[in-house]
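Work through the exercises below with the sequence and the 3D view side by side. Try each task before reading its solution.

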Amino acid sequence: MPTMRGDAMRGLAVFISDIRNCKSREAELRRINKELTNIRQRFRADKTLDGYQKKKYVCKLLFIFLLGHDIDFGYMEAVNLLSSNKYTEKQIGYLFISVIMNSSTEMKQLIIQNIRNDLQSRNPIFINLALQCVANIGDREMAIAFTNDIPRLLISGDTLDAVKQSAALCLLRLHRTSPDSLQLNTEWTARIIHLLNDQHLGVATAAVSLIDALVKRSPDEYKGCINLAVSRLSRIVTSSYTDFQDYTYYFVPAPWLCVKLLRLLQNYPPPDDPSIRSRLNECLDTILNKAQEPLKSKKVQHSNARNAVLFEAINLIIHMDCESSLLVRACNQLGQFLQNRETNLRYLALESMCLLATSEFSHEAVKKHQETVINALKSERDVSVRQRAVDLLYAMCDRSNAQDIVQEMLTYLETADYTIREEMVLKIAILSEKYAIDYKWYLDIMLKLIRIAGDFVSEEVWYRVIQVVVNRNDVQSYAAKIAFEALQAPACHENMVKVAGYILGEYGNLIALDPRSTPMIQFDLLHSKYHLCSPTTRCLLLSTYMKFVNLFPEIKHHIQDILRHDSNYRSSDVEIQQRAIEYLKLSEICNPTVLATVLEIMPPYPEKQSPLLVRLKQKKPLIESENVNEPSSPSTTTAAHTEDGPKLAETAMHLNHHQQQQQQNGLLVSLDIPESNGHYEESTSNSFASLTKSSTSTVQSNKKFLFKNSDIIFENELIQIGIKGELMKSSMHIELYYGNKTNFNLINFSTNFFLSGDLESELRMNMEPIKTTIDSRAQIKQSGTIDCLKDFYDLPKMNITFYYNNIPQKIDYSFPLYLNKYLEKADMDSNNFFLRWRNLEKPNQECQKIFPAKFPMIYDDCRQKLEGFGWSSLTGIDVNSENFCGAGIIHTVSQQIGCLYRLEPNKQANMYRLTIRASKDGVAKRFAELLEDQF
Amino acid sequence: MIGGVFIYNHKGEVLISRVYRDDIGRNAVDAFRVNVIHARQQSRFPVVNIARTSFFYTKRSNIWLCAVAKQNINAAMVFEFLGKMIDIMQSYFGKISEENIKNNFVLIYELLDEILDFGYPQNSDTGVLKSFITQQGVRPITREEQTNVTSAVTGQIGWRREGIKYRRNELFLDVIESVNLLMSQQGQVLSTHVAGRVVMKSYLSGMPECKFGINDKITVDNRTKNPLDSTNINNNSTTNGSTNPSTTTTKTAIAIDDCQFHQCVKLSKFESEHSISFIPPDGEFELMRYRTTKDISLPFRVIPLVREIGRTKMEVKVVVKSNFKPTLIGQKIEIRIPTPSNTCDVQLLCMKGKAKYKSSDNAIVWKMKRMGGMKESQLSAEIELLPNDKKKWNRPPISMNFEVPFAPSGFKVRYLKVFEHKLNYSDSDTVKWVRYIGKSGLYETRS
């Protein structure tokens with residue numbers, strides 16, 4: 001029959017053209033319904049269909065499915081097609097299954113069986129079809145089912161190259177979708193690595209991708225690939241012959257393979273073996289040389305391929321960061337690209353240069369291109385390229401060129417794209433502070449910045465200006481002068497009003513003698529802006545006025561008038577109203593000396609890490625992360641302080657200063673640590689505990705952080721967390737150190753602490769936000785305070801999430817903060833001790849435990865532990881010198897709890913008896929529980 | 001206020017675009033196309049708000065009609081306007097279709113200029129519009145005609161011009177009702193109502209005044225209480241409270257839930273005397289619209305019987321009974337029985353009419369040309385299914401279409417009187433035709 005011949009499938013063509021001709025959605029639906037009924041009729045159990053018909057109907061179903069309609073039948077027919085021997089029928093079957101297949105389990109077993117049959121068949125085309133299908137479905141079950149078959153195909157000697165290629169890619173896909181369910185036998189490692197040496201370039205290319213993914217999972221296991229990769233690379237790059245079968249792309253030999261190999265090498269540090277290393281350097285050198293050669297073709301593909309290899313090589317050079325000659329050459333090469341006509345090239349060049357600028361070897365070389373980069377900033381048409389230019393300028397800035405660069409950036413800011421303005425403002429602010437030689441210059445720049453950028457100046461920027469001014473006596477009068485001048489401009493941004501208001505309030509007296517800026521003029525000038533400002537600024541200005549009352553008593557009545565004015569005294573804004581009323585009363589009641597004390601000049605701010613850097617990192621977590629390791633600035637050190645985040649400039653008054661500061665801090669924290677009711681598992685703390693190495697200190701304990709004030713509280717193969725604590729009465733300052741143990745950056749890093757149940761009322765945690773990225777092998781710090789409100793018994797929960805190699809990781813465990821951390825040792829003589837001991841006789845106050853020794857009974861160890869636990873170890877009190885006695889006080893916010901203990905070792909029985917008495921119920925019991933398995 | 005009116009074809013191409021206000025930009029046209037016509041999910045709302053702009057739309061055959069407004073506008077007014085616009089276009093060039101719209105686009109723009117002014121709806125009466133927007137092209141308008149137009153637009157009776165003369169004074173009255181019903185399997189009426197329209201076609205000379213009487217409960221009550229004819233302008237109706245004793249109602253009176261009149265009806269008279277009097281426009285118009293929910297005589301009853309036999313077979317038996325006077329005949333009867341989505345084959349057997357399985361609609365359609373009153377007919381079907389355990393069939397209701405020559409609500413025209421004082425033709429000289437048509441609305445029985 002002519003209609004049955006070939007694979008024309010006329011019915012399908014007719015159906016599709018019918019659908020295409022449908023005028024409306026309804027018409028289409030009608031046609032589809034009709035067709036579905038027809039197919040159902042054909043597929044009815046009692047009818048037999050030949051392969052061609054099945055294929056045709058399955059095809060129609062597929063088409064209907066792709067139009068967006070549900071298909072709930074025909075699976076069986078599709079699966080039947082899989083066992084057909086005709087290529088087209090098999091192909092359609094696989095197509096249907098990979099497109100429509102979802103979790104229908106009983107079908108899945110059947111499909112897996114069919115795929116397995118095909119994988120074991122002799123026909124390479126069938127094997128490839130099966131591999132394609134596995135990769136397309138690529139779910140967990142597939143990964144489990146074929147965890148052995150596919151690698152076997154990959155490494156066996158008699159599979160065809162095309163099949164190997166598919167197998168490698170299929171494996172890669174399974175590895176990406178469900179890495180944990182794919183278990184690769186370690187015996188195969190060497191053979192997989194050896195695929196890099198495969199004669200067929202296609203197989204090698206596919207294998208590099210796979211190996212790259214596997215390396216990211218277990219770098220050590222695949223270390224052997226460095227050697228092979230380098231030799232393969234050198235064979236391609238340095239060999240004189242150009243016959244690479246079909247893999248020469250517009251005169252560039254195997255560009256894809258080269259790029260992938262170079263990327264693979266970026267997973268490891270520079271090779272240790274000098275011969276390999278020199279070979280690699282030779283390759284890189286050759287690549288850089290080739291870039292200098294004239295183009296072999298005018299076609300854009302040729303230059304693209306060549307540049308792709310070149311850029312990847314430069315990335316590798318930057319990654320290795322050890323060959324200064326290569327780095328400088330790379331930099332020069334990029335310099336040439338900066339003037340290239342091709343926008344993409346310029347972008348890439350700037351991007352790579354950013355990285356180069358952070359390397360000590362090439363920093364100087366990068367600086368040579370400053371002129372060009374600035375030009376790019378001015379003349380470039382593409383926004384993204386300009387943005388890169390800004391990044392590069394920021395990265396290449398140092399003391400020698402800071403003035404120029406800041407000036408250029410300021411000029412550019414006026415015309416900059418709105419989207420990058422805020423970031424630029426931050427960068428300018430940071431650079432000008434970091435490299436300021438003269439703080440007058442810094443102030444000039446900042447005020448100019450606030451004037452130009454206005455809305456794009458984030459809070460942190462002007463907080464920082466205030467901090468700098470407050471902390472440096474020498475610039476205060478200058479600051480007051482220029483702030484006053486800046487305020488005289490007819491249109492003045494609100495941020496400028498805030499800065500000027502604050503500075504004049506503090507240091508207005510320094511310029512009051514100048515007839516151009518008498519107190520009255522200052523005040524009038526400030527007040528002329530008052531009505532244009534938002535409530536927060538008004539609050540700040542009210543504080544300034546109050547400061548004026550102190551500085552210039554002669555204008556006191558003017559200010560009182562203003563405070564008394566209805567718009568303030570009866571303002572609808574509670575904050576303004578409160579300030580107005582309080583300040584008015586203060587000015588009326590207090591005598592000048594009291595006023596002078598209350599309205600004293602602000603003390604210098606404690607030095608700490610600039611909030612600007614924190615802000616910049618929040619904005620751009622991936623870029624500029626290198627800067628963390630540099631000392632941040634001459635005026636700021638990284639000395640820790642309990643609260644980060646700027647002190648609020650508005651809280652100029654000492655009166656409500658403290659409270660507001662805490663509010664502000666709470667705000668900052670809550671921004672970065674979102675409230676979440678994460679589910680945590682109690683058990684994880686135990687399971688992880690088994691992973692951790694025992695610490696080398698003589699004091700051994702299975703409870704972390706119990707006896708020591710610094711400890712490693714968590715460790716696995718990715719990350720290590722250390723803690724350092726310092727007690728100040730009822731508040732503990734802690735520092736957590738998160739160390740990245742891997743070769744990759746951990747991104748989207750975030751930590752959360754949960755106080756569950758009673759703990760909420762017993763503890764108050766205040767943790768600083770942290771950076772979201774930890775660079776490879778680097779560590780970041782998070783500090784914070786934990787206040788003890790009441791005695792507590794549970795442990796806070798901690799939850800850490802991050803992406804390692806794009807795989808989300810989550811760690812839940814109990815944060816080992818025990819009550820004894822708030823225990824302060826107390827010294828007393830024996831009379832005193834026994835007096836107190838006898839006072840605490842009630843049954844709830846005492847707890848006694850008798851337990852066998854777990855460690856050797858050494859006097860000094862015990863003593864060290866008891867002291868580490870927090871209480872004193874008093875000698876000469878107990879008659880038996882082997883016994884330990886001591887005391888301590890638990891500081892909580894609400895009360896102080898006294899505790900006494902007595903530990904009596906019995907060396908013959910290898911037992912201890914521990915008696916603890918405490919002035920509060922339950923505390924003694926808790927301590928006894930904590931200590932009972934520690935000796 | 002309506003900011004603009006757009007007309008699209010089914011592909012979303014703009015056929016007509018008329019913007020009345022500056023707040024509607026060009027992009028509004030595209031916004032509607034992208035978000036409604038080409039939306040992945042079919043939009044189910046008649047009003048869509050995109051970027052603070054409201055789009056009110058209806059679809060007629062393949063044509064989308066959309067009014068746009070930036071302000072907070074009375075939505076009911078907009079839809080009334082859109083409906084009117086469709087009526088006008090239909091009366092000018094018949095069926096609304098892409099081709100008709102393309103062929104008449106000058107006319108449509110002209111109409112749009114006339115019926116909306118700066119977004120405020122103006123006179124949209126077809127008769128009036130036709131007097132100055134014609135399809136004959138430009139012709140010089142005489143002074144007389146001009147004054148006619150002006151007086152029609154500005155005068156008190158905007159819907160009728162003066163000086164109409166007919167040799168034969170004739171009028172046609174159609175009472176068209178559509179019955180809506182939802183009935184349970186057991187034959188219990190779950191909800192029912194009748195939406196009726198009285199459409200009048202008048203060919204009367206001069207400025208005749210008409211009085212129209214119906215068997216509405218209130219008017220009937222009024223008359224029985226007041227032995228004088230209701231046309232007699234009597235004044236005591238205002239004192240008539242609502243405390244009418246129900247004993248006086250006659251059987252034939254019906255309770256109208258709500259009704260709506262053409263603008264020509266003098267509402268003040270209706271309110272005070274419950275009489276419907278009006279000066280009709282020339283030609284066809286809808287005199288009143290009403291709705292009743294009580295005492296509806298259902299013309300047909302559908303009795304379904306569905307039996308599932310195993311997973312692959314189903315038996316459906318449907319009996320239809322006509323429930324009206326044997327002398328009357330129902331027409332265009334069509335019963336639509338939905339079938340499950342996994343149907344593969346259907347065998348049908350019916351005593352009367354023709355039955356067919358329409359796979360494109362997933363339904364069995366049973367048609368009978370006519371059926372007398374008090375008759376019964378039966379259809380049985382055997383449906384073969386493809387086993388499928390994923391979705392349970394939710395048994396949509398069986399729906400029915402028909403036409404019967406009586407008003408199922410019991411609505412009756414009692415009289416229609418015509419008075420023309422100036423031209424001196426009396427009520428008895430006019431020829432009057434009254435016709436009742438009962439149609440099916442959504443007439444469904446659960447199976």
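**Exercise 1. Confidence**

Task: Find where in chain A confidence is lowest and where it is highest.

Solution:
- Step 1. Use pLDDT, the predictor's confidence in each residue, from 0 to 100. Helices (H or I, at least four residues) and strands (E, at least two) are DSSP runs, numbered from the N terminus.
- Step 2. In chain A, helix 35 (residues 657-672) is lowest, at a mean of 35. Helix 14 (residues 255-265) of chain A is highest, at 91.
- Step 3. Set this against the chain: the mean pLDDT of chain A is 79, and 88% of its residues reach 70 or more.
- Step 4. Look at residues 621-701 of chain A: pLDDT stays under 50 there, and the model has 151 contacts for them beyond four places in sequence. A contact means heavy atoms within 4.5 Å. Residues 1-5 of chain A also stay under 50, with three such contacts.
- Step 5. Where pLDDT is low, the predicted coordinates should not be read in detail.

Ground rules: this is a predicted model, in which local features need pLDDT of at least 70 and side-chain atom pairs count only at pLDDT 80 or more, while totals for chains, interfaces and linings use all residues. Residues are numbered from 1 along each chain as its sequence is written, chains are lettered from A and ligands numbered from 1 in the order in which they are written, and side-chain values use heavy atoms, leaving out hydrogens and water.

**Exercise 2. Strand partners**

Task: Which strands pair with strand 8 of chain A?

Solution:
- Step 1. Two strands pair if DSSP finds at least two bridges between them.
- Step 2. Strand 5 (residues 731-740) of chain A pairs with strand 8 of chain A over nine antiparallel bridges. Here Y737(A) has K781(A) as its bridge partner.
- Step 3. Strand 7 (residues 763-767) of chain A also pairs with strand 8 of chain A in the antiparallel sense, over five bridges. L763(A) is matched with C788(A).
- Step 4. Check the cover: eight of the 10 residues of strand 8 (residues 779-788) of chain A are buried. Buried means under 20% relative accessible area, exposed over 50%, partly exposed in between (1.4 Å probe, protein chains only).

**Exercise 3. Salt bridges**

Task: Describe the salt bridge of R31(A) and E35(A), then that of D149(A) and R116(A).

Solution:
- Step 1. A salt bridge is a side-chain nitrogen of Lys or Arg within 4 Å of a carboxyl oxygen of Asp or Glu. The whole structure has 52 over all chains.
- Step 2. R31(A) and E35(A) meet at 3.1 Å, N to O. They are four residues apart in helix 2 (residues 25-43) of chain A, so about one helical turn separates them.
- Step 3. R31(A) is buried at 18% relative accessibility, and E35(A) is buried at 4%.
- Step 4. For D149(A) and R116(A), the closest N and O atoms are 3.9 Å apart. D149(A) lies in helix 9 (residues 149-155) of chain A and R116(A) in helix 6 (residues 105-119) of chain A, so the pair ties together parts 33 residues apart in sequence.
- Step 5. D149(A) is buried, at 13% relative accessible area. R116(A) is partly exposed, at 23%.

**Exercise 4. A buried glutamate**

Task: Is E312(A) buried or exposed, and which residues does E312(A) touch?

Solution:
- Step 1. Locate E312(A) in helix 16 (residues 300-320) of chain A.
- Step 2. E312(A) has a relative accessible area of 8%, so E312(A) is buried.
- Step 3. Leaving out residues up to four places away in sequence, E312(A) touches V259(A), L262(A), R263(A) and Q266(A).
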